[in-house]
Amino acid sequence: MMVACALLSWFLVGLFIRVSRARGWGQPVRKDGPPHLHKEGTPTAGGVPFVLALALVFFPLYFTGHAGGERELIIMLAALAMGLIGGIDDLLKIRSRMRGKGKKELLAREKFPLQFLVGLVFAYFAAPLASHELLPSLGRVPDILLLTLVMVGSVNAFNFTDGLDGLLAGVAIIVLLPLLAVSPVCALLVAVLLGFLWFNAHPARVFMGDMGSHAIGAVAAGAYVLYADVWLLPLAAIIPVVAVLSVVIQVISFRTRGKRVFRMSPIQHHFELSGWPETHVTTRFWVITAVATAAVWWILGGRP
């Protein structure tokens, strides 16, 4: 089934690229950033077709009893809800570029409440099913608040990790590896990401966009909460954690001292501007993620 899922993703992403190029749904590139001007016009929102492929395979399997139980449905619905928020962002960016006017993206004050609402609903249903006790003796409400923050934090951390060819897809695949045997959603997400990575590998023919990164972050958070240990997620997802921390540090430093800590944030662009080739940044971040995820697997005793 993973092979079929990967092939479906490969087909839908390829079809999406053809339609995007025909309609001019290209990604604008920052002029003050790394030397990516040659990527101007590359189709974006490539997460839409692979999330669609994920849903098209998962729900028939689930309703026929071949895709796990309640935990899997919770993870999948959280991924789709977060993906929808990211998809709205993608749509606004494409429409603004096509028309040359209009709202360019969801503002943080619009996006975060929606993410928090989805995270809260997820946490309400996930807290009683969590694989490990979260905050011992503090009760269910603190657990729900913690899981809400974990979900929102994971979605934004994985979102900030996007930006280089193949980076986020590769990181996500590695982070999810310890859970493939227990979570059908994780296995199917890895499959659709492999289909997507065929086109997103350097030089990328399509960019992921927010729908894909939001869905990935939701699956990672949900799977680690429900099958492993929520406290191990920051270790496995060390690159997304560092990416989001680099943004926070940069913003705080600039607003309080008027100075930047990094050449550019998220941190992958700092290394690019420091002289690392894009492919080196991507590969080295994959290696770091692999080492961290291997440590998680060892902590789990070689099993989820």
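Is His-269 buried or exposed? In this model, which is predicted, His-269 has a relative accessible area of 9%, and because buried means under 20% relative accessible area, His-269 counts as buried. The residue belongs to helix H11, which covers residues 267-273, and its side chain makes a polar contact, at 3.2 Å, with the side chain of Glu-272.

Just before this helix the chain has a feature that can be found in the backbone. Ser-265 and Pro-266 are joined by a cis peptide bond, with omega at about 0 degrees, and Pro-266 sits in the loop that runs between helix H10 (238-257) and H11. A cis bond is also found elsewhere, since the peptide bond from His-202 to Pro-203 is cis with omega near -5 degrees, and Pro-203 lies in the loop between H7 and H8. A further backbone feature appears at Ala-45, whose phi is near 65 degrees, a positive value in a residue other than glycine. Ala-45 is placed in the loop between H1 and helix H2 (47-63), and with a relative accessibility of 3% it counts as buried. These features are worth picking out because most residues other than glycine have a negative phi, and most peptide bonds are trans.

From the backbone we can turn to charged side chains. The structure holds 4 salt bridges, and a good place to begin is Asp-89, whose side chain meets that of Lys-93 in a salt bridge with an N to O distance of 3.8 Å. Both Asp-89 and Lys-93 lie in helix H3 (residues 70-99), where they are 4 residues apart, or about one turn of the helix. How far the two residues are covered can be read from their accessibility: Asp-89, at 1% relative accessibility, counts as buried, while Lys-93, at 30%, counts as partly exposed.

Asp-89 also has a partner in another helix, for its side chain meets that of Lys-111 in a salt bridge at 3.0 Å, N to O. Asp-89 lies in helix H3 and Lys-111 in helix H4 (residues 108-126), so this pair ties together parts that are 22 residues apart in sequence. Lys-111 has a relative accessible area of 10%, and therefore counts as buried. Lys-111 in turn forms a salt bridge with Asp-210, where the closest N and O atoms are 3.6 Å apart. This pair links distant parts of the chain, with Lys-111 in helix H4 and Asp-210 in helix H8 (residues 209-227), 99 residues apart. Both Lys-111 and Asp-210 are buried. Because salt bridges can share partners, Asp-89, Lys-93, Lys-111 and Asp-210 are joined into one network.

Helix H4, the home of Lys-111, repays a closer look. What span should its 19 residues have? At 1.5 Å a residue they should span 27 Å, and the end C-alpha atoms of H4 are 26 Å apart, which agrees. Within H4, the residues Lys-111, Gln-115, Val-118, Gly-119, Phe-122, Ala-123 and Ala-126 are buried. If you look down the axis of H4, these buried residues fall within an arc of 140 degrees, so they line one face of the helix. On the other side of H4, Arg-109 and Leu-117 are exposed.

Helix H6 (residues 167-176) shows another pattern of burial. In H6, 10 of the 10 residues are buried, so the helix is largely enclosed by the rest of the structure. Among these buried residues are Leu-167, Ala-169, Gly-170, Val-171, Ile-173 and Leu-176.

The walk ends at the surface. There, a nonpolar patch of about 760 Å² is made by Val-3, Leu-7, Trp-10, Phe-11, Leu-15, Val-19 and Trp-198. Helix H1 (residues 2-23) gives the most to this patch, with 6 residues. Trp-198, for its part, lies in helix H7 (residues 184-200), and because exposed means over 50% relative accessible area, Trp-198, at 64%, counts as exposed.

Note on methods: Residues are numbered from 1 along each chain as its sequence is written. This is a predicted model: local features need pLDDT of at least 70, side-chain atom pairs count only at pLDDT 80 or more; totals for chains, interfaces and linings use all residues. Side-chain values use heavy atoms; hydrogens and water are left out. Helices (H or I, at least four residues) and strands (E, at least two) are DSSP runs, numbered from the N terminus. Buried means under 20% relative accessible area, exposed over 50%, partly exposed in between (1.4 Å probe, protein chains only). Patches are made of residues with over 30% relative accessible area and no salt bridge: like charges are joined within 9 Å, nonpolar side chains (Val, Leu, Ile, Met, Phe, Trp, Tyr) within 5 Å. Accessible areas come from the Shrake-Rupley method with a 1.4 Å probe; for residues, only the protein chains shown count as cover. A polar contact is a pair of N or O atoms within 3.5 Å; within protein, one must be able to donate a hydrogen and the other to accept it, and residues adjacent in sequence count only if both atoms are side-chain atoms. The expected span of a helix is 1.5 Å times one less than its number of residues. The arc is that of the directions from the helix axis to the C-beta atoms.
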